[in-house]
Amino acid sequence: MTGEAPFWEKPLHSLDRAEWEALCDGCGKCCLHKVEDADSGEIYPTNVACRLLDVTTARCSDYRHRRAFVPDCLRLTKGNVDDINWLPSSCAYKLRAAGQPLPEWHYLLTGSYQAMIDGGHSVAGRVVSETEAGPLEHHILEEPL
Ligand code: SF4
């Protein structure tokens with residue numbers, strides 16, 4: 001007899017709140033600023049992080065109260081995950097919403113955030129805080145992190 005599938009293999013709609021939160025790999029890629037060209041509407045990625053992001057760990061320094069400090073911080077839900085087109089292709093929510101498996105480096109599979117950082121799948125140590133960055137236009141990347 002086979003056991004029940006782990007929650008990260010179940011449909012998103014069946015996850016409880018704790019499982020939903022745990023799905024986040026903590027990559028920090030959704031916490032980076034983007035620059036929009038006012039004329040073309042084109043969006044460019046940057047290496048500039050939200051001021052609440054700890055740039056050494058890629059974790060939010062006040063996740064619980066983040067929207068008090070950053071009102072436009074994205075609140076990803078089962079209802080809007082399909083509508084947000086700028087999430088990175090590696091985002092666990094985006095992958096699971098599309099019925100795809102988590103990447104092999106996801107901490108739920110390896111048990112290690114550090115392995116993910118060491119493998120270059122997190123923004124930890126690779127970005128600068130908006131509190132120090134200066135103009136975003138000076139930090140535009142050719143490819144998103
Ligand atoms: S991009 Fe997705 S998996 Fe990565 S931190 Fe943001 S919500 Fe979590």
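The following exercises, with worked solutions, concern a predicted model of a protein.

**Exercise 1. Overall architecture**

Determine which elements the protein contains, in what pattern they follow one another, and how its radius of gyration compares with the globule rule.

*Solution.* Begin with the inventory: the protein has six helices and five strands. Next, read along the sequence, where the pattern is α-β-β-β-β-α-α-α-α-β-α. The radius of gyration is 16 Å, close to the 15 Å that the globule rule gives for 145 residues, so the protein is as compact as a globular protein of that length. Finally, consider extent and burial. The C-alpha trace spans about 60 × 30 × 30 Å along its principal axes, and buried residues account for 19% of the 145 residues.

**Exercise 2. The sheet**

Establish the strand order of the three-stranded open sheet, and state in which sense each pair of strands runs.

*Solution.* Take the pair E1 and E2 as the starting point. Strand E1 (residues 32-36) pairs with strand E2 (residues 43-49) in the antiparallel sense, over four bridges. Within this pairing, Val 35 has Tyr 44 of E2 as its bridge partner. The hairpin of E1 and E2 has six residues between the strands, and Gly 41 in this hairpin takes a positive phi near 80°.

Then turn to E2 and E5, which run parallel and are joined by two bridges. Here Ala 49 stands opposite Ser 129 in E5.

Combining the two pairings gives an open sheet in the order E1-E2-E5 with mixed pairing. The edge strands are E1 and strand E5 (128-129), each of which pairs on one side only.

**Exercise 3. Ala 49 and the nonpolar core**

Identify the contacts of Ala 49 beyond its sequence neighbours, and relate this residue to the largest nonpolar core.

*Solution.* First, set aside neighbours within four places in sequence; Ala 49 is then in contact with Gly 28, Cys 31, Leu 32, Val 55, Val 123, Val 127, Val 128, Ser 129 and Glu 130.

Second, examine the core. The largest nonpolar core has 15 residues, and those with the most contacts inside it include Cys 31, Leu 32, Ala 49, Val 123 and Val 127. The elements giving two or more residues to this core are E2 and helix H5 (113-118). In soluble globular proteins, nonpolar side chains tend to be buried together.

**Exercise 4. The ligand shell**

State which residues come nearest to the ligand and how the shell divides by class.

*Solution.* There are 13 residues around the ligand, of which Cys 24, Asp 25, Cys 27, Cys 30 and Cys 91 come nearest. Sorting the shell by class yields nine nonpolar, two polar and two charged residues.

Key:
Residues numbered from 1 in each chain as written. Predicted model: local features only at pLDDT ≥ 70, side-chain atom pairs only at ≥ 80, totals over all residues. Pairing = 2+ DSSP bridges. Rg over C-alpha atoms; globule rule 2.2 N^0.38 Å. Buried ≥ 20, exposed ≤ 12 C-beta atoms within 10 Å, placed from the backbone. Near = placed C-beta within 6 Å. Nonpolar A, V, L, I, M, F, W, Y, C, P; charged D, E, K, R; others polar. Core = buried A, V, L, I, M, F, W, Y, C linked by C-beta atoms within 7 Å. Contact = placed C-beta atoms within 7 Å.
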